Amino acid sequence: MPFLDAIQAAFALLLSGNAELWQIIWVSLKTAVLALVVATPLAIVAGYAIATGSFRGRRVAIWLVQASLSLPTVLIGLLLYLVLSRQGPLGGLHWLFSQSGIVAGQVLIALPVLVAFSLAAIQAADPRIAETAVTLGASRWGTMRTVLHEVRFGVMAAIISGFGRVISEVGCAIMIGGNIAGETRTMTTAIALQTSKGEFAQGIALGVVLVTLALLINAGLVFAQGDPRMAKGAS
């Protein structure tokens, strides 16, 4: 199919309300959001504990978090496949080739990103924030809430990066989900499938959705942060 014709067909699919296309989009958004709901609290608490703690092995923990960012998603998918397969230790859950399995894989993919970005944001915070909170009688959780409020934009950036990581990955989703139409087919696995078949219209349409999501979410973060020059002027 010629390039311009493929683009025209892609937008026609989007505007026509094609049920198959929007089912794929729904599965992608549903699994990505559920994965973030599970992973974000765990990652933020872990990032805070590593950033503010003074325990043995702290440097090793930071190294492992940073190193885990380089893990290929297909390797995570392979390891999870072995765990969730019928002979695996969690085979009884029957999560293989299901949306639950995709969510589990995306949680493992999102955690390193969320922990690393949250850790960096908290480490960059002024240490006097926590000291002041403790002086005013804040509990450990109260101090953590105070620090996280001060670095909220860094945490938001971590969540957005985690979302981008999970919704754009393809290796783990194919291995764990199986790319089953109407059930586990996500935007990235559908793009890979349609491209391999030489049918580009749906792939382009889904690519447009992915780019649009990235632009909208990052625009929201920029809007929430405001103009730092105006903030300085107001102070």
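These notebook entries record what I looked up on the surface patch, the pocket and the cavity of a predicted model.

**Basis.** I number residues from 1 along each chain as its sequence is written, and side-chain values use heavy atoms, without hydrogens and water. Local features need pLDDT of at least 70 and side-chain atom pairs pLDDT 80 or more, while totals for chains, interfaces and linings use all residues.

**Surface patch.** I found a nonpolar surface patch of about 730 Å², built from residues with over 30% relative accessible area and no salt bridge (Lys or Arg side-chain nitrogen within 4 Å of an Asp or Glu carboxyl oxygen), nonpolar side chains being joined within 5 Å and like charges within 9 Å. Its members include L71, V74, L78, F97 and I180. L78 belongs to helix α4, residues 73–84 (a DSSP run of H or I, at least four residues). I looked up its exposure: L78 has a relative accessible area of 37% and is therefore partly exposed (between buried, under 20%, and exposed, over 50%; 1.4 Å probe, protein chains only).

**Largest pocket.** I noted a volume of about 160 Å³ for this open set of points on a 1 Å grid (protein on both sides within 12 Å along at least five of seven lines; lining residues have an atom within 4 Å of a point). Y48, I122, D126, P127 and T143 are among the lining residues. Helices α2, α5, α6 and α7 each give two or more residues to that lining, which divides into 8 nonpolar, 3 polar and 1 charged.

**Cavity.** I recorded 1 cavity of 30 Å³ or more (a 1.4 Å probe fits but cannot get out). The largest cavity holds about 40 Å³, and α2 gives the most to its lining, with 3 residues.

Methods: Accessible areas come from the Shrake-Rupley method with a 1.4 Å probe; for residues, only the protein chains shown count as cover. Grid points are joined across faces, edges and corners, and a volume is the space filled by probe spheres set on the points. Ala, Val, Leu, Ile, Met, Phe, Trp, Tyr, Cys and Pro count as nonpolar, Asp, Glu, Lys and Arg as charged, and the others, Gly among them, as polar.
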